[in-house]
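Please look over the sequence and the model shown here before reading on. The paragraphs that follow lead through the structure residue by residue and pair by pair.

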Amino acid sequence: MVLAGVSAGSLCWHVGGTTDSFGPDLRAVTDGLGFLPYSNSPHHDAEAQRRPLIHRLIAEGTLPDGYATENGTGLVFFGTELQEAVTEVPGKSAYSLRRSGDSVVESPLPTRLL
């Protein structure tokens, strides 16, 4: 089975993440389908408030550790295991987001150009 999506279409497969799908303000979603047991933050490079919001939500425990993607990137999972990050735009990245104490460690992932 292949599940795919962009923006909210990517977010829905996860536990939750950040969205502006409900209006002009960016907010948390905590009731995703949870097929992937992680948080997800799309548009990580395109909207200035995405990064600080997802960091805060993970740091305070509202959302679990997860991943963030810049526009033009995607994540490939087999089951619930991340296999690779891919991009259609040279130089774009995806990130692992891990809670560490009361903050978040954001680590770039190797990204394969399609």
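**A guided reading of the model**

The side chain of E70 reaches the backbone nitrogen of S93 at 2.8 Å. This is a predicted model, and E70 is a useful place to enter it. E70 sits in the loop between β4 (66–69) and β5 (73–78). Apart from neighbours within four places in sequence, the residues in contact with E70 are H44, D45, G91, K92, S93 and Y95. Which side chain of opposite charge is nearest to E70? It is K92, at 4.7 Å, and E70 is buried yet has no salt bridge. The cut-off for a salt bridge is 4 Å between a side-chain nitrogen of Lys or Arg and a carboxyl oxygen of Asp or Glu.

Next to consider is T69, which belongs to strand β4. T69 counts as buried because its relative accessibility is 8%, the limit for that class being under 20%. Neighbours within four places in sequence aside, T69 is in contact with S41, P42, H43, H44, L75, S93 and A94. S93 and H44 thus appear among the contacts of T69 and also among those of E70.

One contact of T69 is H43, a residue in the loop between β3 (36–41) and α2. The phi angle of H43 is near 60°, which is a positive value in a residue other than glycine. Is H43 buried or exposed? With a relative accessibility of 17%, H43 counts as buried. S7 likewise has phi near 60°, again a positive value in a residue other than glycine. S7 is located in the segment before α1, and its relative accessible area of 25% makes S7 partly exposed.

The discussion now turns to charged pairs. Side chains of opposite charge can pair when their charged atoms come close. How many salt bridges does the structure hold? There are six. One of the salt bridges joins D20 and R50, whose closest N and O atoms are 3.8 Å apart. This pair links distant parts of the chain, for D20 is in the loop between β1 (14–19) and β2 (27–29) while R50 is in helix α2 (residues 50–59), 30 residues apart. D20 is partly exposed at 34% relative accessibility, whereas R50 is buried at 1%.

A further salt bridge is formed by E106 and R51, with 3.0 Å between the closest N and O atoms. Because E106 lies in strand β8 (residues 103–109) and R51 in helix α2, the pair ties together parts that are 55 residues apart in sequence. E106 counts as partly exposed at 23% relative accessibility, and R51 is partly exposed with a relative accessible area of 30%.

R56 and E60 also meet through their side chains in a salt bridge, at 3.4 Å from N to O. R56 is partly exposed, its relative accessible area being 45%, and E60 is partly exposed at 43%. Elsewhere, salt bridges that share partners join D20, E47 and R50 into one network.

E106 has another polar partner. The side chain of H55 makes a polar contact with the side chain of E106, at 2.7 Å. H55 is placed in helix α2. With neighbours within four places in sequence left aside, H55 is in contact with L97, V104 and E106. How far from N71 does H55 lie? The C-alpha atoms of H55 and N71 are separated by 18 Å, and the two residues are 16 residues apart along the chain.

The last stop is on the surface. Which residues form a nonpolar patch there? L3, L33 and F35 do so, and together they have about 300 Å² of accessible area. L3 lies in the segment before α1 (8–11), and with a relative accessible area of 40%, L3 is partly exposed. Membership of a patch requires over 30% relative accessible area and no salt bridge.

Definitions and conventions:
Residues are numbered from 1 along each chain as its sequence is written. This is a predicted model: local features need pLDDT of at least 70, side-chain atom pairs count only at pLDDT 80 or more; totals for chains, interfaces and linings use all residues. Side-chain values use heavy atoms; hydrogens and water are left out. Patches are made of residues with over 30% relative accessible area and no salt bridge: like charges are joined within 9 Å, nonpolar side chains (Val, Leu, Ile, Met, Phe, Trp, Tyr) within 5 Å. Accessible areas come from the Shrake-Rupley method with a 1.4 Å probe; for residues, only the protein chains shown count as cover. Helices (H or I, at least four residues) and strands (E, at least two) are DSSP runs, numbered from the N terminus. Buried means under 20% relative accessible area, exposed over 50%, partly exposed in between (1.4 Å probe, protein chains only). Lys and Arg count as positive and Asp and Glu as negative; His and the chain ends are not counted. A polar contact is a pair of N or O atoms within 3.5 Å; within protein, one must be able to donate a hydrogen and the other to accept it, and residues adjacent in sequence count only if both atoms are side-chain atoms. Contact means heavy atoms within 4.5 Å.
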